[in-house]
Amino acid sequence: SVNPDLASERLTASFSVQRLTAVLDGGAERTRVRRAVVAAIESDPVFSRENQYFQSQNERYEAAVRKAVHVRKKMQELGWSEDGPESIYVYRALSGDVAFLLHRVFMRSISVLGSDRQVAKWIPRATEYQLIGSYAQTELGHGTYLQGLETTAVFDTSTQEFILNTPTISAMKWWPGDMGRSATHTVVFAQLYIHGKCYGVHPFIVQIRSLRDHSLCPGVTAGDIGPKMNFEHIDNGYLMLQNVRIPREDMLNKFCEVQPDGTYVRRGSQKINYFTMTSVRISLIADEVILPLMKACTIAIRYSVVRRQSKLKPGEEEAKILDYQTQQEKLLPQLAAAYAFHFINNYLHELFNRGYKEIQGRNFDSLPELHAFSSGFKAMVTQYCTSGVEICLRACGGHGYSLLSGLPSLYTKILASCIYEGENTILLLQTARFLIKCFTAASAGQPVPPSVTYLAAMKPRRCPAKDKLDFLCPDIYTEAYQHAAIRLLSSTAAKLQDLIQSGIEKHDAWNQCTVQLVQAAKAHCHYITVKNFVETVEKLENKAGIRKIMKHLCDLFALHGIFSNAGVFLHDGYISGAQMDMVTASYLDLLGVIRKDAVPLVDAFDFTDESLNSALGSYNGQVYRRLYEWAQKSPTNKQISPAYERYLKPLLHNKLSKL
Amino acid sequence: AVAMMNADLRRERAAATFQPELLTHILDGGAERTRRRKEIEALVINDPDFQHEDLNFLSRSQRYEQAIRKSSLMVMKLREYGIADPEEIYWFKSFVHRGRPEPLDLHLGMFLPTLLTQATPEQQDRFFMPAWNLEIIGTYAQTEMGHGTHLRGLETTATYDPATQEFILNSPTVTSIKWWPGGLGKTSNHAIVLAQLYTQGQCKGLHAFIVPIRQLGTHEPLPGITVGDIGPKFGYDEMDNGYLKMDNFRIPRENMLMKYAQVEPDGTYVKPVSDKLTYGTMVFIRSLIVGDSARSLSRACTIAIRYSAVRHQSELKPGEPEPQILDYQTQQYKLFPLLATAYAFHFVGAYIKDTYHRISGDIHEGDLSELPELHALTAGLKAFTSWTANTGIEECRMACGGHGYSRCSGIPDIYVTFTPSCTYEGENTVMMLQTARFLVKSYNQVSSGQRVTGMVSYLNDVSRQRIQPQHVAARSDTVRVNDPVSLVEAYKARAARLVEAAAKNLQAELNHRKSKEDAWNRTSVDLVRASEAHCHYVVVKLFTAKLSEISNAAVCAVLTELCLLYALYGISKNAGDFLQAGILTAAQITQVNQRVKELLAIIRPNAVALVDSFDFHDVHLGSVLGRYDGNVYENMFEWAKKSPLNKTQVHESFHRHLKPMQSKL
């Protein structure tokens with residue numbers, strides 16, 4: 001039975017939850033496919049995550065391997081192909097709790113960087129799992145700065161082999177997933193040396209474990225890097241190579257080749273390579289970043305209508321904690337952000353599909369823009385969502401701290417996304433570099449990519465809002481965001497120019513402006529997100545209350561941003577002090593409005609209880625019963641603890657000195 | 001062999017402009033106290049009984065077992081060494097458990113003190129010595145599954161039965177199950193249980209009862225008692241937080257703690273004389289949390305700053321070697337304001353502790369006048385410092401990139417151990433609103449013509465000297481961005497403005513609506529902001545005041561830089577408040593932002609020395625990235641080799657899953 005406090009929330013929804021779910025999925029048909037996949041996966045006990053919170057690192061790893069093996073069988077049985085519509089939902093239904101994700105990266109890198117012959121040699125074997133691959137780029141001493149990698153590959157003309165070495169401790173490959181225990185092969189990035197000359201970093205396919213008994217190959221030292229904040233199921237590994245020889249043919253050589261006599265030949269454009277990197281950044285946003293925030297919101301909001309604490313009015317029943325303004329102010333902006341980022345993710349995918357077509361036609365013009373977009377949005381969305389999940393966690397008080405709430409593991413997993421595939425600060429600076437270039441070009445009247453034409457636009461110098469309702473007008477707040485982005489960028493560009501003109505070297509000037517540059521890049525991404533949310537809302541069906549509630553969320557997302565960054569908007573007087581009070585008033589009013597639909601808005605995300613895996617967030621709201629039942633399953637309550645006989649008993653019997 | 005110190009760290013230390021030991025003495029409260037702290041630290045660290053495998057590689061059960069082993073030894077050795085001063089006990093315990101919680105925390109920190117303050121002499125005779133000798137191990141069972149913040153809502157009942165002169169304890173609902181008490185799950189054999197007292201058919205509110213829960217000798221739960229561990233948490237692996245369910249469990253009348261309220265044999269209830277002293281305990285515990293905020297953030301800063309001096313990456317200048325990442329402005333901007341914050345919070349923690357001790361003296365003489373303000377202030381400061389430290393620890397971890405995510409960095413552990421302090425001993429938002437209640441009350445007093453004193457005395461000026469945007473020009477040249485005293489004034493003006501705004505919004509709501517509570521709820525976001533601004537002002541004020549006490553010129557100079565950075569960074573981050581109130585002009589904000597960046601460069605050469613001054617021993621720090629000698633990479637490798645996944649060369653799952661798959665496909 002559904003907890004009445006949760007049931008009553010669902011009776012008053014102002015919109016159709018089912019329709020909104022279809023909007024989020026991109027159509028009712030996709031909702032159907034997704035649900036079918038989820039049902040198939042969740043009904044299979046091999047994929048159960050029921051005891052996950054009680055398992056050790058070793059048990060988690062083994063389960064992930066078991067699932068990876070089983071999911072292949074399952075997909076074959078059900079006739080789902082690797083590139084069929086079901087496959088994206090499979091990973092999602094497993095909540096990523098599966099091994100061999102790096103195996104896919106291994107295969108993709110061979111497909112992109114390998115010659116036709118190499119693809120023909122390796123891909124079929126990898127597809128059949130005759131070998132398990134990993135991708136070894138990051139080293140102990142180097143992550144961000146790839147040119148600084150220290151692993152070496154020296155070409156030996158006499159044997160036609162590369163000799164791979166890890167010359168220092170800091171050159172050890174460190175972090176690659178699936179490499180600690182599982183992988184038999186890996187793509188190693190190393191500095192290529194021919195006849196004593198260094199040609200920079202290149203990829204090599206290296207076998208690291210025996211295909212017969214899985215023992216390490218001669219010259220190879222590899223293992224697991226030890227416990228992390230999360231990803232216990234993944235064997236992130238280290239790898240040390242001592243004079244490991246591989247044939248000349250095993251350098252991935254689509255773009256460059258070492259000929260038998262040691263001649264180095266470069267061919268084709270490597271630009272497509274950048275595109276791969278950028279597409280990885282975009283592809284991780286949906287599953288690794290936005291979904292966890294949606295899950296966290298679902299858990300925290302459902303719990304907040306079940307949890308009652310203190311009284312709002314004397315003599316009445318204790319109030320649902322979601323009725324407290326402070327609780328709304330924590331959770332509802334995160335909910336709005338989840339929707340905002342869902343829509344910006346759609347936008348990025350459209351942009352990329354368009355870009356991909358151009359690139360296939362050998363037109364690389366959109367590459368810088370795509371790269372700047374993927375970097376900036378990866379950074380902004382991961383940072384925003386990570387902090388959002390943490391807010392949800394802390395909004396659940398003590399029970400949020402229990403692993404059984406599901407929130408700690410959502411948090412520790414999402415926060416890794418701020419670092420992998422590009423550390424966020426570095427990425428924002430890349431976006432900033434692009435923006436400064438465009439700003440300079442736009443100021444000089446030169447053409448710039450469509451997403452940044454606004455940089456050249458002249459805008460009114462004051463916000464025209466007269467009362468708090470004006471701030472519910474999308475034009476008003478979108479212009480404010482645009483104005484802020486232009487101001488931050490132009491003042492940073494001016495500062496940079498000043499420093500350079502005063503005789504400071506370019507790179508020094510750049511470093512001295514990086515704090516401002518990061519802020520400007522964020523402002524740009526924030527503006528685009530607001531603008532895209534507004535445009536999405538305008539295009540939504542005006543049926544079943546969908547557009548109305550989305551408009552409220554869009555307003556909330558925008559006004560929360562202004563409220564939280566008031567200084568940026570007040571700085572040059574674009575928004576006046578009196579207007580800022582109107583923003584605050586409208587923002588707080590919206591909290592009350594959205595509060596009424598909060599539960600339907602998270603129901604629309606359509607997560608099953610199995611995928612939430614939370615004692616606090618289940619659909620039926622039987623929070624306390626679940627918490628009690630789950631706790632009793634804890635191994636600490638089943639096993640006889642040796643601590644009693646060994647330590648507690650002597651302690652209680654006051655025999656301390658005998659310990 | 002003595003390992004060489006990493007060359008980067010050696011250079012950093014040589015270039016410092018001050019002696020770190022002198023600053024350590026200031027943090028400890030004198031050279032003698034530093035000496036004694038290190039003496040106690042050495043007792044623990046050189047004791048082979050307290051050494052063990054890295055806890056990161058142990059299961060939860062194993063960690064609990066290690067903790068209980070060390071706790072037993074700790075109690076014995078404290079008595080053997082004759083360490084009795086509370087602060088020295090705290091040091092000893094924190095070195096033994098390396099800053100982590102332990103299963104006897106509630107016994108030592110709550111069960112024994114509660115017996116001392118709330119038990120009658122007769123009860124003390126029965127319980128105190130056995131508890132002191134650990135024949136009785138107790139916990140403090142207050143929080144229930146359904147109630148934490150709102151104590152009056154607790155549902156556990158204790159019904160008096162005059163026929164047998166017993167209380168019958170019951171957990172009538174699932175939500176009434178006691179949930180979270182530390183040491184309850186596996187360790188304790190007694191609990192002080194808070195329950196609604198029913199006698200002669202009437203509910204008399206919450207009272208405390210001593211309840212035996214496990215059989216002495218076998219440690220099995222007693223009939224009528226269901227007790228266990230609440231399962232895995234984010235952190236606190238060594239603590240057996242527990243649940244407790246009671247079904248018609250009877251205890252003798254004499255087990256109710258009856259120093260204040262009493263139930264007579266016939267069931268007559270005798271009311272307690274009013275007891276304001278519980279305020280004092282809360283103030284004390286919250287002051288500990290402020291100190292803990294400072295220490296936890298200091299540990300994270302130590303790790304992140306040392307690692308940033310050792311780590312080299314990318315290029316600053318084309319063609320030159322890769323620079324230390326601490327040379328990047330963005331990295332300095334992440335870490336140095338946190339370093340300044342850690343120092344600020346140290347001084348705030350020390351201030352509250354001193355004030356508490358001073359007021360405690362007054363209380364014994366019956367003067368309670370300062371207590372309400374201190375109580376209100378510590379509620380807010382507990383929330384303000386723990387929120388800031390919580391976020392700061394995560395920023396430190398992020399600043400360490402991928403390696404920060406590994407448990408070998410030590411920061412994940414600091415975070416998961418610290419973050420519950422945002423919730424326990426008063427949920428932070430609730431704490432902020434308590435402070436706000438005091439601020440609004442003070443504001444209303446001023447409005448009605450009374451004067452207020454203490455930290456809120458700035459409110460006296462609000463009604464007279466209206467702070468209006470049109471006064472910007474007049475006020476702007478009064479704020480000097482290089483003068484901490486002038487910045488204190490700016491923070492004061494911001495606090496005054498936000499308290500006034502919140503109080504006025506509250507009044508406006510009251511004019512529109514009937515219910516006081518509703519109006520309060522509709523203003524609570526404003527009220528929290530006002531509280532935050534007040535706390536921020538107090539922190540800046542206390543940090544600034546500390547500067548005048550520093551005699552050594554070099555130390556004073558570097559602390560002044562940190563104080564300025566703390567104050568200016570806070571203005572920069574909250575520029576909207578200062579602009580909107582007309583306290584600073586846009587031009588001044590630009591100047592503030594610029595000055596922050598200059599200070600980053602000024603503090604940079606002293607950064608490592610400033611974290612060295614925190615003086616964390618490597619064992620206590622528990623971090624491969626933050627090691628004093630900076631030999632990070634080789635020790636990461638050594639650490640990883642001990643990972644449980646590396647126990648066998650070929651993992652057993654190869655034979656179980658991988659091999660069958662490869663042969664089938």
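## Asp240(B) and its surroundings

Leaving out neighbours within four places in sequence, Asp240(B) is in contact (heavy atoms within 4.5 Å) with Arg60(B), Tyr64(B), Pro103(B), Pro181(B), Gly182(B), Gly183(B), Leu184(B), Gly185(B), Lys186(B), Thr187(B) and Asp229(B). Keep in mind that this is a predicted model, where local features need pLDDT of at least 70, side-chain atom pairs count only at pLDDT 80 or more, and totals for chains, interfaces and linings use all residues. Residues are numbered from 1 along each chain as its sequence is written, chains are lettered from A and ligands numbered from 1 in the order in which they are written, and side-chain values use heavy atoms, with hydrogens and water left out.

Asp240(B) sits in the loop between strand S7 (225-229) and strand S8 (242-246) of chain B; strands here are DSSP runs (E, at least two residues), numbered from the N terminus. Asp240(B) is buried, meaning under 20% relative accessible area (1.4 Å probe, protein chains only). Even so, Asp240(B) has no salt bridge, that is, no side-chain nitrogen of Lys or Arg within 4 Å of a carboxyl oxygen of Asp or Glu.

Here are the distances for the Asp240(B) side chain:

| Partner of Asp240(B) | Distance |
|---|---|
| Gly183(B), backbone nitrogen | 3.4 Å |
| Lys186(B), backbone nitrogen | 2.6 Å |
| Arg214(B), nearest side chain of opposite charge | 6.0 Å |

Now for the stretch around it. UniProt, in an unreviewed entry, puts "domain: Acyl-CoA oxidase/dehydrogenase middle" at residues 140-248 of chain B. That span is 0% helix and 41% strand, and its end C-alpha atoms lie 20 Å apart.

Terms used: Helix = DSSP H or I, 4+ residues; strand = E, 2+ residues; numbered from the N terminus. Buried < 20%, exposed > 50% of the residue type's maximum accessible area, 1.4 Å probe, protein only. Lys, Arg positive; Asp, Glu negative; His and termini not counted. Polar contact = N/O pair within 3.5 Å; in protein donor to acceptor, adjacent residues only side chain to side chain. UniProt positions renumbered as here; feature names shortened; annotations may be inferred.
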